[in-house]
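Ready for a few exercises on a protein chain? Take a look at the model below, then try each task before you read its solution.

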Amino acid sequence: MRSSMQRDEPHAMDVAVTDDELSISLVDGRRMFAPLEWYPRLLHATEEQRRNWRLIGDGEGVRWEDIDEDISVAGVLAGVPSRESAERLGEYIRQAASSKVQ
(Lines give C-alpha, C1' and ligand atoms only; values in the text may rest on other atoms or scores of the structure.)
Protein backbone atom coordinates (compact mmCIF):
# COMPACT_ATOMS: atom_id res chain seq x y z
CA MET A 1 0.00 0.00 0.00
CA ARG A 2 1.34 3.42 -0.91
CA SER A 3 1.58 6.08 1.77
CA SER A 4 -0.17 9.44 1.35
CA MET A 5 3.27 10.98 0.76
CA GLN A 6 3.86 8.68 -2.21
CA ARG A 7 0.43 9.48 -3.70
CA ASP A 8 1.16 13.19 -3.50
CA GLU A 9 4.51 12.99 -5.26
CA PRO A 10 4.55 14.72 -8.64
CA HIS A 11 4.69 12.51 -11.73
CA ALA A 12 6.08 13.48 -15.11
CA MET A 13 4.43 12.71 -18.41
CA ASP A 14 6.70 14.61 -20.84
CA VAL A 15 10.17 16.14 -20.90
CA ALA A 16 11.87 18.72 -23.12
CA VAL A 17 15.43 19.99 -23.02
CA THR A 18 16.57 23.15 -24.80
CA ASP A 19 19.99 24.77 -24.81
CA ASP A 20 18.92 26.76 -21.73
CA GLU A 21 16.43 24.77 -19.68
CA LEU A 22 14.87 21.52 -18.64
CA SER A 23 11.07 21.45 -18.84
CA ILE A 24 8.96 18.72 -17.27
CA SER A 25 5.21 18.43 -17.83
CA LEU A 26 3.38 16.79 -14.94
CA VAL A 27 0.31 14.57 -15.08
CA ASP A 28 -1.62 17.12 -12.99
CA GLY A 29 -1.19 19.78 -15.70
CA ARG A 30 1.70 21.75 -14.18
CA ARG A 31 4.94 22.42 -16.04
CA MET A 32 8.17 23.04 -14.23
CA PHE A 33 11.38 24.51 -15.53
CA ALA A 34 14.98 24.45 -14.33
CA PRO A 35 18.07 26.09 -15.79
CA LEU A 36 20.15 23.58 -17.71
CA GLU A 37 23.28 24.75 -15.90
CA TRP A 38 21.90 22.90 -12.85
CA TYR A 39 22.43 19.63 -14.72
CA PRO A 40 25.92 19.70 -16.27
CA ARG A 41 25.62 16.35 -18.02
CA LEU A 42 22.53 17.58 -19.86
CA LEU A 43 24.24 20.89 -20.53
CA HIS A 44 27.16 19.11 -22.22
CA ALA A 45 24.98 16.52 -24.00
CA THR A 46 24.19 16.54 -27.68
CA GLU A 47 20.67 17.28 -28.88
CA GLU A 48 20.24 13.61 -29.73
CA GLN A 49 21.34 12.56 -26.22
CA ARG A 50 18.95 15.08 -24.66
CA ARG A 51 16.04 13.64 -26.62
CA ASN A 52 16.84 10.07 -25.55
CA TRP A 53 15.07 10.02 -22.18
CA ARG A 54 12.59 7.74 -20.46
CA LEU A 55 10.41 8.05 -17.39
CA ILE A 56 11.39 5.95 -14.39
CA GLY A 57 9.48 5.03 -11.24
CA ASP A 58 6.04 5.62 -12.76
CA GLY A 59 7.08 9.16 -13.72
CA GLU A 60 8.81 10.05 -10.46
CA GLY A 61 12.06 10.58 -12.35
CA VAL A 62 13.67 10.88 -15.75
CA ARG A 63 16.56 8.78 -17.07
CA TRP A 64 19.00 9.72 -19.86
CA GLU A 65 20.80 6.46 -20.53
CA ASP A 66 23.32 7.90 -23.01
CA ILE A 67 24.76 10.30 -20.43
CA ASP A 68 24.07 8.22 -17.29
CA GLU A 69 21.83 10.91 -15.76
CA ASP A 70 18.81 10.44 -13.49
CA ILE A 71 16.79 13.43 -12.28
CA SER A 72 13.91 13.20 -9.82
CA VAL A 73 10.79 15.23 -10.47
CA ALA A 74 10.55 16.07 -6.76
CA GLY A 75 14.14 17.36 -6.81
CA VAL A 76 13.46 19.69 -9.73
CA LEU A 77 10.26 20.88 -8.07
CA ALA A 78 12.21 21.58 -4.86
CA GLY A 79 14.88 23.50 -6.77
CA VAL A 80 17.68 21.04 -6.09
CA PRO A 81 20.45 21.15 -8.73
CA SER A 82 22.80 18.28 -9.52
CA ARG A 83 25.18 17.48 -6.70
CA GLU A 84 27.79 15.89 -8.94
CA SER A 85 31.28 16.99 -8.02
CA ALA A 86 33.33 19.02 -10.47
CA GLU A 87 35.98 16.28 -10.40
CA ARG A 88 33.51 13.53 -11.33
CA LEU A 89 31.93 15.72 -14.02
CA GLY A 90 35.37 16.51 -15.45
CA GLU A 91 36.17 12.80 -15.67
CA TYR A 92 32.84 12.15 -17.41
CA ILE A 93 33.52 14.93 -19.96
CA ARG A 94 37.04 13.62 -20.63
CA GLN A 95 35.73 10.09 -21.18
CA ALA A 96 32.95 11.35 -23.47
CA ALA A 97 35.41 13.39 -25.52
CA SER A 98 37.79 10.43 -25.74
CA SER A 99 35.05 8.10 -27.01
CA LYS A 100 34.08 10.63 -29.73
CA VAL A 101 37.66 10.67 -31.02
CA GLN A 102 37.89 6.87 -31.31
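**Exercise 1: Around Asp20**

Find which residues Asp20 touches once those up to four places away in sequence are set aside, and decide whether Asp20 is buried or exposed.

Solution. Keep in mind from the start that this is a predicted model.

- Step 1. Locate the residue: Asp20 sits in the loop that lies between strand E1 (12-17) and strand E2 (21-26).
- Step 2. List the contacts: with residues up to four places away left out, Asp20 touches Ala34, Pro35 and Leu36.
- Step 3. Check one of these pairs: Asp20 and Leu36 are 16 residues apart along the chain, yet their C-alpha atoms are separated by 5.3 Å.
- Step 4. Look at accessibility: Asp20 has a relative accessible area of 62%, so it goes down as exposed.

**Exercise 2: How confident is the prediction?**

Work out what pLDDT the chain averages and where the pLDDT is below 50.

Solution.

- Step 1. Start with the whole chain: its average pLDDT is 90, and 91% of the residues score at least 70.
- Step 2. Now go to the start of the chain: over residues 1-5 the pLDDT is below 50. Beyond near neighbours in sequence, that stretch has 5 contacts in the model.

**Exercise 3: The nonpolar core**

Pick out which residues touch the most other members of the largest nonpolar core, and say which element gives the largest share of this core.

Solution.

- Step 1. The largest nonpolar core has 19 residues, and those touching the most other members are Leu22, Ile24, Tyr39, Leu42, Trp64, Ile71 and Val76.
- Step 2. Sort the core by element: two or more residues come from each of E1, E2, strand E3 (31-35), strand E5 (61-64), helix H4 (73-78) and helix H5 (86-101).
- Step 3. E2 gives the largest share, with 3 residues.
- Step 4. Zoom in on Tyr39: leaving aside neighbours within four places in sequence, its contacts are Leu22, Ala34, Glu69, Ile71, Val76, Val80, Pro81 and Ser82.

**Exercise 4: A sheet of 3 strands**

Put the strands of the open sheet in order, and find out which of them are edge strands.

Solution.

- Step 1. The order is E4-E5-E6, and the pairing is antiparallel.
- Step 2. Strand E4 (54-56) and strand E6 (69-72) are the edges, each pairing on one side only.
- Step 3. On average, neighbouring strands here are turned by 30° against each other, direction ignored.
- Step 4. Count the bridges: E4 and E5 are joined by 3, while E5 and E6 pair over 4.
- Step 5. Follow the partners: Arg54 has Arg63 in E5 as its bridge partner, and Ile56 has Gly61 in E5. On the E6 side, Gly61 has Ser72 as its bridge partner.
- Step 6. Look at the hairpins: 4 residues lie between E4 and E5, and Gly57 there takes a positive phi near 60°. There are also 4 residues between E5 and E6, where Asp68 takes a positive phi near 55°.
- Step 7. Side chains in a regular strand alternate between the two faces of the sheet. Check both faces of E5: Gly61 and Arg63 on one side are buried, and so are Val62 and Trp64 on the other.

**Exercise 5: Salt bridges**

Find which residue Arg41 forms a salt bridge with, and which residues are linked with Arg63 in a network of salt bridges.

Solution.

- Step 1. Recall the idea: side chains of opposite charge can pair when their charged atoms come close. The structure holds 10 salt bridges.
- Step 2. One of them joins Arg41 to Glu84, with the closest N and O atoms 2.7 Å apart. The pair links distant parts of the chain: Arg41 is in helix H2 (residues 40-44) and Glu84 is in the loop between H4 and H5, 43 residues apart.
- Step 3. Compare accessibility: Arg41 is buried at 4%, whereas Glu84 is partly exposed at 22%.
- Step 4. Turn to Arg63, buried at 10% relative accessibility. Arg63 forms a salt bridge with Glu65, at 3.1 Å between the closest N and O atoms, and another with Asp68, at 3.0 Å.
- Step 5. Both acidic partners are partly exposed: Glu65 at 45% and Asp68 at 43%.
- Step 6. Put the network together: Arg54, Arg63, Glu65, Asp68 and Asp70 are linked by salt bridges.

Notes
Residues are numbered from 1 along each chain as its sequence is written. This is a predicted model: local features need pLDDT of at least 70, side-chain atom pairs count only at pLDDT 80 or more; totals for chains, interfaces and linings use all residues. Side-chain values use heavy atoms; hydrogens and water are left out. Buried means under 20% relative accessible area, exposed over 50%, partly exposed in between (1.4 Å probe, protein chains only). Contact means heavy atoms within 4.5 Å. pLDDT is the predictor's confidence in each residue, from 0 to 100. A nonpolar core is a set of buried Ala, Val, Leu, Ile, Met, Phe, Trp, Tyr and Cys residues joined through side-chain atoms within 4.5 Å. Two strands pair if DSSP finds at least two bridges between them. Axes are lines fitted to C-alpha atoms, for helices over the stretch in contact, and angles run from 0 to 180 degrees between N-to-C directions. A salt bridge is a side-chain nitrogen of Lys or Arg within 4 Å of a carboxyl oxygen of Asp or Glu.
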